[in-house]
Amino acid sequence: MNEELMTIQESLQGELYGVWFLIGAALVFWMQAGFAMVETGFTRAKNAGNIIMKNLMDFCIGTVMFILIGFGLLLGEDVVGLIGKPGFDIFTTYQDFDWSNFVFNLVFCATTATIVSGAMAERTKFISYCIYSAVISALIYPIEAHWVWGGGWLAQMGFHDFAGSTCIHMVGGICALIGAKILGPRIGKFIKDKDGKVVKVNAFPGHSLTIGALGVFILWFGWYGFNGAAATSIAELSSIFVTTTIAPAVATVVCMIFTWVKYGKPDVSMCLNASLAGLVAITAGCDVTDAFGAIVIGAVAGLLVVFGVWLLDHKLHIDDPVGAVAVHMMNGIWGTIAVGLFATDKAPAFVRGYGDGVNFGANQIMGKGLFYGGGFDLLGTQLLGMFTIIAYTAVTITITFLVIKSTIGLRASAEEETRGLDITEHGLPSAYADFMPANSSISIFTGKSTEEPAPVAAAVPVVENRPHIERLPDAKNKYTKVSIVCKQGKFDDLKNALSEIGVTGFTVTNILGCGTQKGASEMYRGVPIETTLLPKIKVEVVICKVPVETVVEAARKALYTGHIGDGKIFVYDVEDVVRVRTGESGYDALQDAED
């Protein structure tokens with residue numbers, strides 16, 4: 001009777017953890033929403049739709065490629081420890097197919113691809129992104145993951161990466177680093193002198209920290225499934241939840257204190273990245289570390305993410321809009337090494353010991369870490385696996401990017417980048433309906449012009465209000481005020497054009513408005529878009545020595561694209577000095593009359 005009860009109990013426990021395994025997979029899929037929100041919030045609004053589309057297609061394209069080849073290369077029959085044997089069991093023997101393992105590994109695969117999106121955001125062709133995302137899902141990730149999780153040569157040696165600091169985050173971060181380097185920085189990110197030396201790094205704040213923070217909380221929540229789904233006992237799962245909570249929390253606190261001391265204020269966006277950095281760093285050893293190890297791992301991660309962002313901006317001059325390299329690559333490396341330092345036999349999962357990567361899944365471990373009396377054996381294995389995967393990933397992704405660059409091109413044009421990828425890649429005037437340019441002459445369906453180019457006088461009209469004013473006898477200079485209203489995406493062009501003619505002082509204001517020029521109407525799902533207040537930039541310049549005509553011509557040239565609503569220029573005279581008579585003593589007060 002006791003044997004029967006034990007058998008029933010074991011059966012129920014197996015079923016229970018089978019269900020939890022799939023729930024964990026669903027939590028990892030939910031992390032796609034988190035990545036989408038983080039990347040969208042940390043970049044500019046004009047690219048929000050493009051970023052959402054990329055994060056959607058990561059998973060969808062990844063699913064197709066994983067069905068065709070990725071799953072077989074990852075978990076197929078091992079071939080000399082290097083790759084799994086490709087097959088089509090999902091089609092030929094569906095009734096016997098390992099459905100749970102397929103879904104579980106698919107959602108992890110999609111995570112690797114989406115890491116790259118953030119570092120290459122705002123200037124990558126959409127078609128190029130789809131291609132390299134497919135390559136990562138089909139070949140790069142499945143092969144290196146087979147070495148660790150599919151019974152490959154690293155699994156056989158005892159290399160330990162429980163949930164993906166190495167296989168997912170480090171690999172995705174390396175792809176992001178190399179892609180961002182080959183792609184080049186966003187326009188205006190780095191200012192260079194005449195010798196080509198970077199003399200200034202410009203910040204491009206994300207358009208919504210609220211959305212970015214939501215993404216971080218979604219990711220943290222999903223990470224409990226990311227790290228815990230493969231647990232097979234209550235003790236393992238509970239321990240994993242503890243380390244997965246401690247590390248990001250400590251990382252965030254350390255980052256807050258450091259940025260508070262260094263910059264005088266705690267940095268919001270950096271602390272959000274620190275939470276993710278702590279999660280990445282603990283992922284490899286979440287099952288074999290204790291609370292002390294998680295604290296140290298998190299503390300280092302909180303400092304490492306700040307260093308990583310500084311390194312890319314100020315030394316390597318690589319533009320990473322969301323900090324993906326600092327979060328994923330650097331902390332993926334740190335998390336891999338940390339296993340060799342902090343693995344302890346006090347953690348519940350350690351009792352499984354060294355396995356072959358198949359019977360023991362990702363739980364194989366060859367011994368304790370260096371700081372817990374295990375010597376250098378495990379640390380050496382971790383370093384060997386890490387450097388091998390780095391080399392493999394660097395070579396394959398570099399080839400991928402260079403082939404794309406030399407064939408269809410990797411980067412969007414300067415005009416497309418300036419206007420935003422929403423409109424140029426997807427025909428979407430704005431991801432935010434309240435600010436959708438209803439008077440744009442770009443078709444929402446095709447992204448192409450729906451009318452012939454408008455003449456300059458119509459696209460950028462000039463309104464002059466310059467009445468004759470009798471000047472005072474001793475007035476030396478005549479001031480003219482030029483007010484220019486333009487689209488947000490053309491501000492950099494306008495600023496550079498004014499600088500070239502010697503106008504360096506001006507006032508810039510973000511405004512909302514709607515002009516009288518209607519232009520071509522837009523349609524969305526067959527419904528005309530109503531006129532709304534649109535975000536614009538107003539630039540006000542008071543000039544004296546530079547001819548008015550020169551300023552107007554430079555502004556028109558910078559703003560003109562051939563469409564109604566390119567901009568508007570207002571010109572009117574301003575008296576430099578007005579004397580105010582008060583009492584009988586004559587002119588005894590001076591008032592600036594720039595208004």
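User: Buried means under 20% relative accessible area. What percentage of the 595 residues of the chain count as buried?

Analyst: This is a predicted model. The chain has 18 helices and 13 strands, and it exposes about 26,700 Å². With the cut-off under 20%, the buried share of the 595 residues is 51%.

User: Among contacts between residues at least 6 apart in sequence, what percentage join residues at least 24 apart?

Analyst: One pair shows the idea of sequence distance against spatial distance. G369 and V288 are 81 residues apart in sequence, yet their C-alpha atoms lie 9.5 Å apart. Over the chain, among contacts at least 6 apart in sequence, the share joining residues at least 24 apart is 77%.

User: Which helix gives the most to the largest nonpolar core?

Analyst: That core has 108 residues, and those with the most contacts inside it include Y132, W334 and F401. Its top contributor supplies 12 residues and covers residues 165-183. This is helix α7.

User: How many residues are in the second, separate core?

Analyst: F401 belongs to the largest core, where its contacts include Y132, I178 and L410. The second core is separate and includes C486, L498, A555 and L559. Its residue count is 23.

User: Is G369 buried or exposed?

Analyst: G369 sits in the loop between α12 (324-342) and α13 (377-407). Its contacts include V339, F342, G374 and L378. Its relative accessibility is 0%, so it counts as buried.

User: How far apart are the end C-alpha atoms of helix α10 (residues 268-283)?

Analyst: Helix α10 has 14 of its 16 residues buried, so the rest of the structure largely encloses it. At 1.5 Å a residue, its expected span is 22 Å. The model agrees with that, since the end C-alpha atoms are apart by 23 Å.

User: Which residue lies in the loop between α4 (99-119) and α5 (126-149) and has a positive phi although it is not a glycine?

Analyst: Most residues other than glycine have a negative phi. V80 has a positive value near 50 degrees, but V80 lies in the loop between β1 (78-79) and β2 (83-84) and is exposed at 70% relative accessible area. The residue in the α4-α5 loop has a phi of about 80 degrees and is buried at 0%. It is E122.

User: Which residue forms a salt bridge with D319?

Analyst: E122 forms a salt bridge with R44 at 3.1 Å, and both are buried. E122 also pairs with R186 at 2.4 Å. Salt bridges that share partners join R44, E122, R186 and D319 into one network. The link to D319, with closest N and O atoms 2.7 Å apart, comes from R186.

User: How many residues apart are R186 and D319?

Analyst: R186 is buried at 3% relative accessible area, and D319 is buried at 1%. R186 lies in the loop between α7 and β3, and D319 in the loop between α11 (291-316) and α12. The pair links distant parts of the chain, with a separation in residues of 133.

User: What is the accessible area of the nonpolar patch formed by V253, M256, I257, W260 and V261?

Analyst: One member, W260, lies in helix α9 (residues 234-263). W260 has 45% relative accessibility, so it counts as partly exposed. Together, the five patch residues have an accessible area of about 480 Å².

Definitions and conventions: Residues numbered from 1 in each chain as written. Predicted model: local features only at pLDDT ≥ 70, side-chain atom pairs only at ≥ 80, totals over all residues. Heavy atoms only, no water. Patch = residues over 30% accessible without salt bridge, like charges linked within 9 Å, V, L, I, M, F, W, Y side chains within 5 Å. Areas by Shrake-Rupley, 256 points an atom, 1.4 Å probe, with all protein chains shown as cover. Salt bridge = Lys/Arg side-chain N within 4 Å of Asp/Glu carboxyl O. Helix = DSSP H or I, 4+ residues; strand = E, 2+ residues; numbered from the N terminus. Buried < 20%, exposed > 50% of the residue type's maximum accessible area, 1.4 Å probe, protein only. Core = buried A, V, L, I, M, F, W, Y, C linked by side-chain atoms within 4.5 Å. Contact = heavy atoms within 4.5 Å. Expected span 1.5 Å × (residues − 1). Lists of a residue's contacts leave out its neighbours within four places in sequence.
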